[in-house]
Amino acid sequence: MRRTTKIAALLSAGILALTACGSDEPETSTDPGTGGESTTSEETEAPQSDLMVGMAYDVGGRGDQSFNDSAAAGLDQAVAEFGVTSQESEAEDGEAENAREERLRTFADAGFNPIIAVGFAYGPSIGVVSAEYPDVNFAIIDDSSVEADNVASLVFAEEQGSFLVGAAAALKSETGQVGFVGGVETPLIQKFQAGYEAGVAAVDPDITVDVTYLTQVPDFSGFGDPAKGKTAAQGMFDNGADIVYHAAGGSGGGVFEAASESGNLAIGVDSDQYNTADPSVQDVILTSMLKNVDVAVYTYLSEVVGGTVPSGVTTYDLAADGVGYSTSGGQVDDIAGDLDAYKQQIIDGEIEVPTAP
Amino acid sequence: MSTRLVSFLLGLLAAALALVAAFAITSLVLIIAGDPVGEVWGEILTFPEQRNLANIINNATVLYLSGLAVAVAFKMNLFNIGVDGQYRIAAFVAAVVAGEAWLPGYLNTALAILAAVLVGAAWAGIAGLLRATRGVSEVISTIMLNFISTSVVAYFLRKAAVREEGSNTLGTKEIPEGSRIPSFSIGDGPGTEIYGFIFIAVAAGFAYWFVLNKTRFGFNLRATGQSTTAAVASGISVKRMTIGAMLISGGVAGLVGLPILFGDSYSYGSTFQSGLGFAGIAIALLGRNHPIGIALGALLFAFLDEQSNPLQILVGVSPDIVAITQGVIVLTVVISYEIVRRFGVRLEQQQVAKADRPVDEPKEVTA
């Protein structure tokens, strides 16, 4: 009995400690920094605003080199330009629903207004808390399920951007086979897949698209496991694909590695990964599907600073420059004409991109 | 002092020692990291507001059930790491059953709870069966079953899922209003509702105590846990006890997700709370497998979780510091109970020695 107890104690302490390490790393270094940054910019920059912005990140928080970082970039820009004050907090993996609600309430009670929730996981809690604090303005990214006067839903047409990189992959593929690696199989990531497949098919319906997802809900580790991403991409390259598009957040690093080792190409996601990924894999990044969360956050904050309070659903699509493709590295320069033609057709409504595969 | 009182005081001493040590170690971590120690403890140890209090009680209810599930197996000297997988698959099945609403009102609720208990028991029973018939370590098999549970739930969730317009979360059908377990409020304002399921949790705690201490089955279970050979010698079937203990442990694990399901989320979706089973192991250890001890442990963990939430916003320190505290508490508890146990043994020996000497001589004379 006592031996079991000791083993159990060691194991569970280890598990608890490991969960602490896992999410601790990125933020301890960045969080105090942002706190300092916002106050110093207030002192040095000319513009001043008494706006206090509360930023509730999804799991991973600032420093994930992907989705959350993109939102953080928009916030930083607003802090620098408008002199707003900001405070940040991030979700923990597998936390209780009332922990998310409580995070939003803590912001509201501490006088933060507006409060921006990053990620669809906050959808239900925004619904609850926005009703409790009718005088506080909320914004939520990637969810449009809440309809209230004090809630702005910022959503993206990921399928349109994915269509363009799909077209790029089809135009560049030599083997007639391309791949898609999704992080976690959710409706959101399926939008990326649907757009990508449509883009490939628009160029050449005969090209096959291999699709794989790293994990299934409720296991969200597929967004942060480069080893899984590498294995999945390696399998596709071995199978004859020569370009793989990933929508897998932090797991994408593994996709780039696999491409680099096998001499193939990969497509990045969310931000211009040619600039954010490890320099050793830069040359395999054909292009990146840009999801400009920073533009959405910045635009929202600029409107709040300007005195108007946005509410309702705002879709950031190709026309609004909310999504797009990156050109860093110059690998798609020769097909830029084709891609821009597709882009114009989507904006004009001549091509309608599906949102589900 | 009576021996009962002494052992009670020693128990309190052990718990206090463990907490003080854990707080000291956490403070040390904060100092090394250069974070404001005073402010952090100030924030964590403030008296919670009504709605925080409600959250603490609600989360403690969930953690309590998880701790109980682990404790049942511990009593039999089995280490059920699989509570995590068991409660997730059980909560999912309960959500589907309740969402389909084959029966009206509370009959539907009862059916869903029964389904959850049966599924949890069956899932844990696999490990129990393997252990009893093939000698497979339940530690290994339950860990593997956790992974399988994740995949099974993911597979069926995509079939059962309904998606709300504009939302990117996946979830099962919402439980109809007539089948939800009503909450009661402990204050005014929003967010002060306590899950009605808390009464079921208390009943489960009582049943745990009763079955283990007042029934023949409970006696057999404890006896087998303490010495298999003695149990065999007195005619207890160890195989049956192993499977029985795992079935009960899994059945209780099946209840873990239900307070959330019937009191808050009303559906099982991609954002359903995970990791509760692992917290349960720590809490069962902390509570020494005693129904009241587990309750205190669950309240402590829920308190730390809740109070750490605003740390990042108000003090600028990551709430993960509390995960360190929780992990350290588990270790210090085991160490301090061992120290206090040895101290208690020595105390007893001294008392016996003291009592022996004067009594010795007249005894010999009479003999």
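A residue is called buried when its relative accessible area is under 20%. In this predicted model, seven of the seven residues of strand β10(A) are buried, so β10(A) is largely enclosed by the rest of the structure.

Strand β10(A) belongs to an open sheet of six strands in chain A, whose order is β7-β6-β8-β9-β10-β12 and whose pairing is mixed. At the edges of this sheet lie β7 and β12 (323-325) of chain A, each of which pairs on one side only. From one strand to the next, the twist averages 15°.

The two partners of β10(A) in that order can be taken in turn. Strand β9 (residues 265-270) of chain A pairs with β10 (residues 285-291) of chain A in the parallel sense, over five bridges. Within this pairing, Gly268(A) has Ser288(A) of β10(A) as its bridge partner, and Val269(A) has Met289(A) of β10(A). With β12(A), in contrast, β10(A) pairs in the antiparallel sense, over three bridges. Here Met289(A) stands opposite Tyr325(A) in β12(A). Met289(A) can thus be found in both pairings of β10(A): it is the bridge partner of Val269(A) and stands opposite Tyr325(A). In a regular strand the side chains alternate between the two faces of the sheet.

The next strand to examine is β6 (residues 177-185) of chain A. It is mostly covered, with nine of its nine residues buried. On one side, β6(A) pairs with β7 (residues 208-216) of chain A in the parallel sense over eight bridges. Between these two strands the chain passes through helix α6 (residues 187-203) of chain A, and the resulting β-α-β crossover is right-handed. β6(A) also pairs in the parallel sense with β8 (residues 243-247) of chain A, over five bridges. Gly179(A) is a useful residue to locate in both pairings: it stands opposite Asp210(A) in β7(A), and its bridge partner in β8(A) is Val244(A).

Chain A also holds an open sheet of six strands in the order β2-β1-β3-β4-β5-β11, with parallel pairing. Its edge strands are β2 (85-90) and β11 (312-316) of chain A, and each pairs on one side only. Neighbouring strands are turned against each other by 20° on average, direction ignored. Inside this sheet, β4 (residues 138-141) and β5 (residues 151-156) of chain A pair in the parallel sense over four bridges. One point of reference in that pairing is Ile140(A), whose bridge partner in β5(A) is Ser153(A).

The last feature is a pocket. The second largest pocket contains about 1700 Å³ of space. Of the 50 residues that line it, the closest to its centre are Gly11(B), Gly287(B), Arg288(B), His290(B) and Tyr337(B). Which helices each supply at least two residues of the lining? From chain A there is α1 (2-44), and from chain B there are α1 (3-33), α3 (50-75), α7 (198-214), α8 (216-226), α12 (276-286), α13 (291-308) and α15 (320-366). By residue type, the lining divides into 26 nonpolar, 15 polar and nine charged residues.

How values were computed
Residues are numbered from 1 along each chain as its sequence is written. Chains are lettered from A and ligands numbered from 1 in the order in which they are written. This is a predicted model: local features need pLDDT of at least 70, side-chain atom pairs count only at pLDDT 80 or more; totals for chains, interfaces and linings use all residues. Side-chain values use heavy atoms; hydrogens and water are left out. Buried means under 20% relative accessible area, exposed over 50%, partly exposed in between (1.4 Å probe, protein chains only). Two strands pair if DSSP finds at least two bridges between them. A crossover is right-handed if, with the strands pointing away from the viewer, the path from the first strand over the helix to the second runs clockwise. Axes are lines fitted to C-alpha atoms, for helices over the stretch in contact, and angles run from 0 to 180 degrees between N-to-C directions. On a 1 Å grid over the protein atoms alone, a cavity is a set of points where a 1.4 Å probe fits but cannot get out, and a pocket is an open set with protein on both sides within 12 Å along at least five of seven lines; lining residues have an atom within 4 Å of a point. Grid points are joined across faces, edges and corners, and a volume is the space filled by probe spheres set on the points. Ala, Val, Leu, Ile, Met, Phe, Trp, Tyr, Cys and Pro count as nonpolar, Asp, Glu, Lys and Arg as charged, and the others, Gly among them, as polar.
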